[in-house]
Amino acid sequence: MELEPELLLQEARESVEAAQSYRRELSQRLQGLREARRQIKESASQTRDVLKQHFNDLKGTLAKLLDERLVTLLQEVDTIEQETIKPLDDCQKLIEHGVNTAEDLVQEGELAIRGGVGEQNEKLWSFTKKASHIQLDSLPEVPLLVDVPCLSAQLDDSILNIVKDHIFKHGTVASRPPVQIEELIEKPGGIIVRWCKVDDDFTAQDYRLQFRKCTSNHFEDVYVGCETEFIVLHIDPNVDYQFRVCARGDGRQEWSPWSVPQIGHSTLVPHEWTAGFEGYSLSSRRNIALRNDAESSGVLYSSAPTYFCGQTLTFRVETVGQPDRRDSIGVCAEKQNGYDSLQRDQAVCISTNGAVFVNGKEMTNQLPAVTSGSTVTFDIEAVALGSTNNNEGGNFKLRVTISSNNREVVFDWSLDQSCGSLYFGCSFFYPGWKVLVF
C-alpha cells in the first residue's frame with residue numbers, strides 16, 4: 001500500500017533531519033578524534049623535547065663533574081710530587097757541592113805533588129793541612145727507590161657499571177598522568193577544581209594544583225596538599241582559565257607528569273561586601289570583611305543581591321574575636337538598615353555561638369560554635385508558592401540547609417514575597433572577626 005503524499009513528504013523530512021543530526025554527531029566525533037590526535041602529537045613532541053633537554057643537561061653536568069674530579073686528582077699528583085721532590089733537590093745540592101769541593105781538592109793536590117818535596121814543601125804542607133779539615137769520608141744518605149714515592153692512579157672501572165645501571169633505569173615515559181581533573185564548578189569569583197586518581201597502582205602522598213589565564217604563559221601554584229578538591233578564588237568573570245594537577249607518590253620527592261589541562265571559567269558575578277561601612281575594613285576585592293575597632297555597629301550587607309537559589313553560599317571565618325549572642329552570618333531578602341543583627345524578620349542566620357535564627361526566631365536545633373577556620377555554607381532551594389503552615393501569611397517558601405563543622409540543619413523559610421535573588425550579611429559586636437565570602 002502506497003503512502004499518502006503528505007505522509008511520504010513528512011517521512012522524507014524526518015529522514016533528512018535524522019541524517020543531518022547523524023552528520024552533526026559524526027562531525028563532532030571527528031573533531032574529538034582530531035583533538036585526541038593533536039593531544040598525542042603535541043604531548044609526544046613536548047616529551048621528546050623534555051627528554052632531549054634533560055639528557056643534554058645531564059651530559060653537560062656529568063662532563064663538568066668529571067672535569068672537576070680530574071682537576072682535583074691532578075692537583076693531588078702535583079702536591080705529592082712537589083712535597084717529595086724537595087728533599088731530593090736538597091740532597092742533590094749537597095752532593096753537587098761536595099763534588100765541586102772534591103774536584104778543587106784533587107786539582108790542588110796534584111799540583112802540589114807534581115812540584116816535588118824540596119821545592120814544594122810549603123805547598124804540600126798547606127794542601128795536607130787543608131785536606132785534613134775536609135771530611136772526605138762523610139757521604140750524604142741517598143734514599144733507596146723503594147723508600148721514595150712512586151705515583152700511580154687507582155681507577156675502578158666498576159663505576160661504569162654502576163653509572164650504566166643508573167642511566168638505564170633513569171627516566172620513564174608515561175602514556176597518561178596518574179591523576180586527572182574530574183570537574184570544574186563555577187562559583188561567584190571562583191572555580192571549584194576536583195581531581196581524581198586514574199592509576200590504581202599509584203599511591204598519592206599529596207597533590208599540586210596550578211592555574212593560569214589562557215592568555216598567560218606562566219602557571220602558578222594555588223594548592224599543595226592531600227585533598228582532591230580546592231576552590232580557586234580571585235577568578236575574573238567570563239575569563240578562561242587553564243588548570244592542571246600532578247601528584248607525588250608515597251615516599252617520593254619528584255612530582256608526577258601534569259594532568260591534561262582543562263579550561264574553565266565563571267559567569268557568576270563575584271560576591272562583594274558593601275564598601276564604606278564604618279565598622280568594617282574590606283580587602284581589595286571586597287570579598288573579605290574585617291570587623292575593626294570602630295564603635296559603630298550594624299549589619300554589613302552584600303553590595304548587591306548576588307546569591308541565587310540553587311547555589312551554595314560559603315563563608316569562611318579567617319580570624320575570630322570575642323563572641324556575642326547577637327553576632328550573625330546569613331542571608332536576607334532585602335537590606336534593612338537600623339538593625340544590629342540578622343536575627344530579624346525576612347532573614348536566616350547563624351550566630352557565632354552556633355544558634356540558628358529563622359525570621360528572628362531561634363530554632364531548637366543548633367550548630368557548633370564558630371571558630372577560626374570554620375566554614376559556614378547556605379544551600380537554598382525554592383520549595384513552593386502559596387501559603388505555608390510554618391509562618392502565617394507567607395507566600396513563598398524556601399528550603400534552607402546550613403552546614404558548619406560537619407553538621408547541618410535543614411528547615412523551611414517563609415518570605416512575604418517572591419524574590420529571585422538574596423542579599424547576604426554579617427554582624428559582629430567585637431573587633432577581630434574576619435570573614436571571607438564566596
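**Entry 1: strand 13**

Buried, in these notes, means under 20% relative accessible area. I am working from a predicted model, so every value here is computed from that prediction.

I started with strand 13, residues 328-332, and asked how many of its residues are buried. The count came back as 5 of 5, so I noted the strand as mostly covered, given the under 20% cut-off.

Next I looked up which way its side chains point. In a regular strand the side chains alternate between the two faces of the sheet. Strand 13 has Ser328, Gly330 and Cys332 pointing one way. Ile329 and Val331 point the other way, and residues on both sides are buried.

Then I wanted its partners. Which strand is joined to strand 13 by 5 bridges? That is strand 20, residues 421-427, and the two run antiparallel. Within this pairing, I found Phe424 of strand 20 as the bridge partner of Val331. Strand 14, residues 347-350, also runs antiparallel to strand 13, with 4 bridges between them. There, Ile329 has Ile350 of strand 14 standing opposite.

**Entry 2: the three-stranded sheet**

I moved on to an open sheet with 3 strands. Its order is 1-2-5 and the pairing is antiparallel. Which strands sit at the edges? Strand 1 (179-187) and strand 5 (229-233) do, each pairing on one side only. I also checked the twist: neighbouring strands of this sheet are turned by 25° against each other on average, direction ignored.

For the pairing of strand 2 (residues 190-197) with strand 5, I counted 5 bridges, antiparallel again. Ile191 is the residue I picked out here, and Val232 in strand 5 stands opposite.

I compared this with the record. UniProt, in an unreviewed entry, has "domain: Fibronectin type-III" over residues 177-270. In the model that span is 53% strand and 0% helix, and its end C-alpha atoms lie 33 Å apart.

**Entry 3: helix 1 and the coiled-coil annotation**

Helix 1 runs over residues 5-114, and Leu26 lies in it. I looked up whether Leu26 is buried or exposed. Neither: its relative accessibility is 37%, so it counts as partly exposed. I also took a distance from here to Ser216. Leu26 and Ser216 are 190 residues apart in sequence, and their C-alpha atoms are 34 Å apart in space.

The unreviewed UniProt entry lists residues 9-83 as "coiled-coil region". In the model this stretch is 100% helix and 0% strand. From end to end, C-alpha to C-alpha, residues 9-83 cover 110 Å.

**Entry 4: pockets**

Rolling a probe the size of a water molecule over the atoms shows where empty space is left. I took the two largest pockets in turn.

The largest pocket has a volume of about 1800 Å³. Its lining holds 43 residues, and those nearest the centre are Thr47, Ala174, Pro177, Pro257 and Trp258. Where does the largest share of that lining come from? Helix 1 supplies it, with 14 residues. Strand 6 (241-249) also puts in at least two residues. By class, I noted 20 nonpolar, 14 polar and 9 charged residues in the lining.

The second largest pocket has a volume of about 740 Å³. It is lined by 20 residues, with Leu66, Arg69, Leu73, Gln154 and Leu155 closest to its centre. Helix 1 gives the most to this lining too, with 10 residues. Helix 3 (158-169) supplies at least two. The class split of this lining is 14 nonpolar, 2 polar and 4 charged residues.

**Entry 5: two residues with positive phi**

Most residues other than glycine have a negative phi, and most peptide bonds are trans. I looked up two residues that go against the phi part.

His234 has a phi near 60°. Where does His234 lie? It sits in the loop between strand 5 and strand 6. Its relative accessibility is 42%, so His234 counts as partly exposed.

Asn359 is my second case, with phi near 50°. This residue is in the loop between strand 15 (355-358) and strand 16 (361-366). Why does Asn359 count as buried? Because its relative accessibility is 14%, and the cut-off is under 20%.

Key: Residues are numbered from 1 along each chain as its sequence is written. This is a predicted model: local features need pLDDT of at least 70, side-chain atom pairs count only at pLDDT 80 or more; totals for chains, interfaces and linings use all residues. Side-chain values use heavy atoms; hydrogens and water are left out. Buried means under 20% relative accessible area, exposed over 50%, partly exposed in between (1.4 Å probe, protein chains only). On a 1 Å grid over the protein atoms alone, a cavity is a set of points where a 1.4 Å probe fits but cannot get out, and a pocket is an open set with protein on both sides within 12 Å along at least five of seven lines; lining residues have an atom within 4 Å of a point. Grid points are joined across faces, edges and corners, and a volume is the space filled by probe spheres set on the points. Ala, Val, Leu, Ile, Met, Phe, Trp, Tyr, Cys and Pro count as nonpolar, Asp, Glu, Lys and Arg as charged, and the others, Gly among them, as polar. Two strands pair if DSSP finds at least two bridges between them. Axes are lines fitted to C-alpha atoms, for helices over the stretch in contact, and angles run from 0 to 180 degrees between N-to-C directions. UniProt positions are given in the numbering used here, feature names are shortened, and annotations may be inferred rather than shown by experiment.
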